[in-house]
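Here is an informal tour of one protein model, meant to be read with the viewer open. Have a look first, then read on.

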Amino acid sequence: MMARSSRDYDESDVRIRPNRRGSRPRSKDRPAHEDAVPGQVITVDRGRYTTLVGDGSDRHVVMAMRARELGRKGIVVGDRVDVVGDTSGAEGSLARIVRVQPRETVLRRTADDTDPVERVLVANADQLVVVSALANPEPRPRLIDRCLVAAYDAGMEPLLVLTKADLTDPGPFLDQYAPLSVRHVVTARRDVGTDGLDALREALSGRVSVLVGHSGVGKSTLVNALVPQALRATGVVNDVTGRGRHTSSSAVALALPDDDGWVIDTPGVRSFGLAHVDLSRIVHHFADLEPGTARCPRGCTHDEPECGLDAWVASGDAGPAGAARLDSLRRLLRARSAPTTD
Ligand SMILES: Nc1nc2c(ncn2[C@@H]2O[C@H](COP(=O)(O)OP(=O)(O)OP(=O)(O)O)[C@@H](O)[C@H]2O)c(=O)[nH]1
Ligand SMILES: [Zn+2]
């Protein structure tokens with residue numbers, strides 16, 4: 001993909017305003033740089049940070065690079081930053097990010113479960129939307145479980161979105177996940193549009209939601225329905241959800257209509273490495289199994305003959321999916337000592 005420039009934006013939709021340096025009110029918590037403007041990173045492409053600055057009608061997109069003084073500090077989609085230099089957003093202009101504000105949440109993943117290099121995917125999101133098709137492609141419960149663990153570990157609330165209910169009855173899948181009490185929305189393609197969109201909009205309302213899912217589950221279809229083209233121009237990049245974008249490794253933040261929150265679309269995931277998650281904490285993220293650990297011996301790894309979880313599951317306390325969930329937990333625990341393709 002070509003490096004993006006401000007030309008990639010539909011300029012009729014992007015308000016370009018002269019830089020109003022000096023006219024901003026000064027406050028106690030103003031940035032260290034006199035002229036810095038606060039902004040939010042909406043996408044990253046090879047060292048160029050597309051940053052949204054300004055409020056209301058003055059809101060516009062600025063292309064920025066990192067200032068040398070930031071050192072090696074990473075900047076990711078969702079980061080709140082201070083920008084200096086030419087923040088006009090004019091074609092060909094390039095501003096500098098001089099500061100990254102402390103992050104409220106951090107969604108991480110590693111390439112596999114033993115990879116020591118963790119990658120921060122997105123900052124400051126509060127909801128992780130795990131998109132899975134009910135059929136075509138088949139749901140991948142172990143990948144879903146991994147995403148749930150990542151969400152809880154990041155302090156984000158998970159939401160399951162189950163697509164393609166027009167192809168199969170969602171009942172059996174929902175029964176499996178019911179003991180988890182994770183919120184969920186079911187969508188289906190109908191002759192006229194998509195069922196379930198209103199419920200999805202409600203679940204996304206006012207929040208910053210990261211969408212993750214395996215390729216082909218219908219994530220782009222949902223994003224296109226949620227975010228009209230006009231908004232996408234200010235929220236970002238033309239045709240960002242087209243297939244081509246998935247060659248990019250970056251997420252893209254898109255404003256929902258009426259400023260009712262953000263969706264952050266991520267490239268399709270094949271795996272979700274969890275090398276960064278403390279091994280002893282993993283079981284706490286399996287809410288349906290966790291109470292059963294009361295019967296475990298001290299220091300139980302939950303993958304040993306004395307583990308109390310087998311009896312917990314056998315007695316039905318973890319619900320109908322208990323055995324599959326315990327299997328998922330143990331695979332996850334074992335994967336921490338060997339690479340996995342789950
Ligand atoms: N039957 C049915 N098909 C759907 C539905 N939603 C999306 N699809 C189809 O599923 C295929 C994949 O949809 P996309 O939206 O491209 O999926 P994606 O998750 O963005 O996949 P990548 O672009 O590969 O990451 C397309 O052929 C869609 O038309 C649905 O609710 N029902
Ligand atoms: Zn145990």
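Helix H8 (residues 322-335) is a good place to start: at 1.5 Å a residue, its 14 residues should span 20 Å, and its end C-alpha atoms are 20 Å apart, which agrees. The expected span here is 1.5 Å times one less than the number of residues. Helices (H or I, at least four residues) and strands (E, at least two) are DSSP runs, numbered from the N terminus.

A word on the ground rules. This is a predicted model, in which local features need pLDDT of at least 70 and side-chain atom pairs count only at pLDDT 80 or more, while totals for chains, interfaces and linings use all residues. Residues are numbered from 1 along each chain as its sequence is written, with chains lettered from A and ligands numbered from 1 in the order in which they are written.

**The overall picture**

The protein has eight helices and 15 strands. Buried residues make up 40% of its 342 residues; a residue is buried if 20 or more other C-beta atoms lie within 10 Å of its own, exposed if 12 or fewer, and partly exposed in between, with C-beta atoms placed from the backbone. Of the contacts between residues at least 6 apart in sequence, 67% join residues at least 24 apart. Two residues are in contact if their C-beta atoms, placed from the backbone, lie within 7 Å.

**Two helices and what they pack on**

Back to H8: its buried residues are Gly322, Arg325, Leu326, Ser328, Leu329, Leu332 and Ala335, and they pack against helix H1 (141-154), H6 and H7. One residue to click on in helix H6 is Ile282. Ile282 is buried, with 20 other C-beta atoms within 10 Å. Leaving aside neighbours within four places in sequence, Ile282 is in contact with Val149, Val277, Leu332 and Leu333. Ile282 also sits 9.7 Å from Arg146, C-alpha to C-alpha, though the two are 136 residues apart in sequence.

In H4, the buried residues are Lys219, Ser220, Leu222 and Leu226. They cover an arc of only 160° around the axis (taken from the directions from the helix axis to the C-beta atoms), so they are on the same side of H4. Their packing partners are strand S8 (127-133), helix H3 (197-204), strand S13 (207-213) and strand S15 (261-265).

**Around ligand 1**

Which residues are closest to ligand 1? They are Arg189, Ser215, Gly218, Ser220 and Thr221, out of 18 that surround the ligand; a residue is near if its C-beta atom, placed from the backbone, lies within 6 Å. Strand S11 (188-189) and helix H4 (219-226) are the elements that give two or more residues to this shell, and H4 provides the largest share, three residues.

**The annotated cysteines**

An unreviewed UniProt entry marks Cys296, Cys300, His302 and Cys307 as "binding site". UniProt positions follow the numbering used here, feature names are shortened, and annotations may be inferred rather than shown by experiment. Cys300 is in the loop between helix H6 (279-282) and helix H7 (309-314), and Cys307 lies in the loop between H6 and H7 too. Here are both, with contacts that leave out residues up to four places away in sequence.

| Residue | C-beta atoms within 10 Å | Class | Contacts |
|---|---|---|---|
| Cys300 | 15 other C-beta atoms | partly exposed | Thr293, Glu306 and Cys307 |
| Cys307 | 20 C-beta neighbours | buried | Cys296, Cys300 and His302 |
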